[in-house]
Structures are given as C-alpha cells and as structure tokens.
Amino acid sequence: MPVIYLETLIEAPIEICFNYARSVEAHMKSTEQTNEKAVSGVTEGLLGNGDAVTWEATHFGIKQKLTAKITGMQEPDWFIDEMTKGAFKSFVHSHRFEEIDDVTLMIDEFSYEAPFGLIGSIANLLFLKKYMKNLLEKRALELKKMAERTE
C-alpha cells in the first residue's frame with residue numbers, strides 16, 4: 001500500500017492549525033485547482049469525530065465524487081479521515097499536529113490503494129502517487145498560509 005508522508009512547519013498555534021485542517025471552507029480553498037466542493041454531509045464549518053462529507057472535484061479531466069468520514073479525533077493533536085466511497089480502493093489520511101516552541105509541525109500521512117488491480121498499480125507507479133503527493137503538498141502550503149495569516 002503506497003504511503004505519502006509530509007511534514008509542514010507552521011508559525012501558528014496548534015489549535016489554529018488543527019481547525020484549518022478540518023475546516024470545510026479551508027479544504028475547498030486549498031484544493032481550488034481541482035474545483036473541490038462539499039456537496040453532501042457536512043458542507044460547512046469544522047468537521048468533528050464521526051462526521052462525513054462528500055466532495056466533488058475534477059481529477060484528470062473527470063468530475064468525481066468521494067465520501068470521507070472522520071473516524072478518530074483527539075483535539076488538537078490528531079484526526080483521521082477514511083474514504084467510505086470513491087475512486088480509490090481505499091484510503092486513510094492521518095493528520096497529526098505537534099507544538100514545538102511557537103511553531104506547529106503538521107504531519108500528513110496518506111495511505112491508499114489504487115483501484116483496478118494491476119492496472120491501478122501500474123497507474124500508481126506511472127503518475128498517481130506523484131499526482132497525490134503534489135495535491136497534498138499544495139493543500140498543506142495553502143493551510144500554512146491561512147494559519148500564518150490568522151496569527
């Protein structure tokens with residue numbers, strides 16, 4: 001199962017970083033390049049433990065829907081969202097936050113299984129992992145900008 005691991009240092013308190021990471025509005029702003037919108041479930045505000053949201057976005061020129069559910073949370077240290085329906089065979093996205101002096105370390109760990117068996121594995125090697133890493137890096141950078149502007 002491929003895993004994407006990212007660390008982002010943010011010059012803002014842990015609570016602000018945690019809240020931006022689970023904000024529906026911040027998610028949409030941080031994924032503007034895919035035109036991501038919350039279309040059902042929790043469609044505004046902060047996601048909490050047990051909440052689900054269906055996102056609609058355009059990837060590879062195809063409009064897609066994906067439903068994710070928050071399956072665990074400990075404020076302001078971590079939360080986990082898991083795909084319950086969508087294009088992947090599965091995914092689990094762990095969001096962790098550590099306070100280091102006046103800086104917050106945001107850690108994203110995204111593990112997933114591509115769909116379509118062998119074809120999906122080949123697609124992952126050729127382009128999917130790079131695409132997903134780029135998407136997550138852009139999102140983390142946007143969250144960093146938002147949190148640091150708040151501070």
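Where in this predicted model is the place of N35?

**View 1. N35 and Q33 in the loop between helix 2 and strand 2.** The place of N35 is in the loop between helix 2 and strand 2, the latter covering residues 37–41, and the model shown here and in every other view is a predicted one. Although N35 is not a glycine, N35 has a positive phi of about 60°. Q33 also has its place in the loop between helix 2 and strand 2, and with a relative accessibility of 42% Q33 counts as partly exposed. When residues up to four places away in sequence are not counted, Q33 touches L135 and K138. From Q33 to D101 the C-alpha atoms lie 33 Å apart in space, and the two residues are separated by 68 residues in sequence.

**View 2. F60 in the loop between strand 3 and strand 4.** The place of F60 is in the loop that lies between strand 3 and strand 4, and the phi of F60 is near 55°, which is a positive value in a residue other than glycine. Is F60 buried, partly exposed or exposed? With a relative accessibility of 46%, F60 counts as partly exposed, because that class holds the values between 20% and 50%.

**View 3. The cis peptide bond between E75 and P76.** E75 and P76 are joined by a cis peptide bond, for which omega is about -10°. P76, one of the two residues of this bond, has its place in the loop between strand 4 and strand 5.

**View 4. Helix 1 and the loop that follows, with S23.** In helix 1, which covers residues 14–21, the residues I14, C17, F18 and A21 are buried. Seen down the axis of helix 1, these buried residues fall within an arc of 100°, so they line one face of the helix. The cover over the buried residues of helix 1 includes strand 1 (3–10), strand 4 (62–74), strand 5 (78–85), strand 6 (90–100) and strand 7, together with helix 3. S23 is found in the loop between helix 1 and helix 2, and at 11% relative accessibility S23 counts as buried. Leaving aside residues up to four places away in sequence, S23 touches G45 and L46.

**View 5. T54 in strand 3.** T54 lies in strand 3, and its relative accessibility of 12% means that T54 counts as buried. Which residues does T54 touch, not counting residues up to four places away in sequence? They are K37, A38, V39 and S40, and also K65, L66 and T67. T54 and M83 are 29 residues apart in sequence, while their C-alpha atoms are 9.6 Å apart in space.

**View 6. Helix 3, its bend and its buried residues.** Helix 3 bends by about 65° at N124, and N124 is also one of the buried residues of this helix. The other buried residues of helix 3 are G120, A123, L128, M132, L135, L136, R139, A140, L143, M146 and A147. What covers the buried residues of helix 3 includes two helices, helix 1 and helix 2 (24–30), as well as strand 1, strand 3 (52–59), strand 6 and strand 7.

**View 7. The largest cavity and its lining.** The structure holds one cavity of 30 Å³ or more, and the volume of the largest cavity is about 40 Å³. Its lining is made up of A21, H95, M106, D108, L136, R139, A140 and L143, which divide into five nonpolar, one polar and two charged residues. Strand 7 (103–113) and helix 3 (117–150) each supply at least two residues of this lining, and helix 3 gives the most, with four residues. Among the lining residues, A21 is a buried residue of helix 1, whereas L136, R139, A140 and L143 are buried residues of helix 3.

**View 8. The largest pocket and its lining.** About 820 Å³ of space lies in the largest pocket. Of the 42 residues that line the largest pocket, H59, L66, F88, F91 and M132 are the closest to its centre. Two or more residues of the lining come from each of strand 3, strand 4, strand 5, strand 6 and helix 3, and helix 3 gives the most, with ten residues. By class, the lining of the largest pocket has 26 nonpolar residues, along with eight polar and eight charged ones.

Key: Residues numbered from 1 in each chain as written. Predicted model: local features only at pLDDT ≥ 70, side-chain atom pairs only at ≥ 80, totals over all residues. Heavy atoms only, no water. 1 Å grid on protein atoms, 1.4 Å probe; cavity = no way out; pocket = protein on both sides within 12 Å on 5 of 7 lines; lining within 4 Å. Points joined across faces, edges and corners; volume = space filled by probe spheres on them. Nonpolar A, V, L, I, M, F, W, Y, C, P; charged D, E, K, R; others polar. Buried < 20%, exposed > 50% of the residue type's maximum accessible area, 1.4 Å probe, protein only. Arc of directions from axis to C-beta. Contact = heavy atoms within 4.5 Å. Bend = angle between axes of the 7 residues up to and from the residue.
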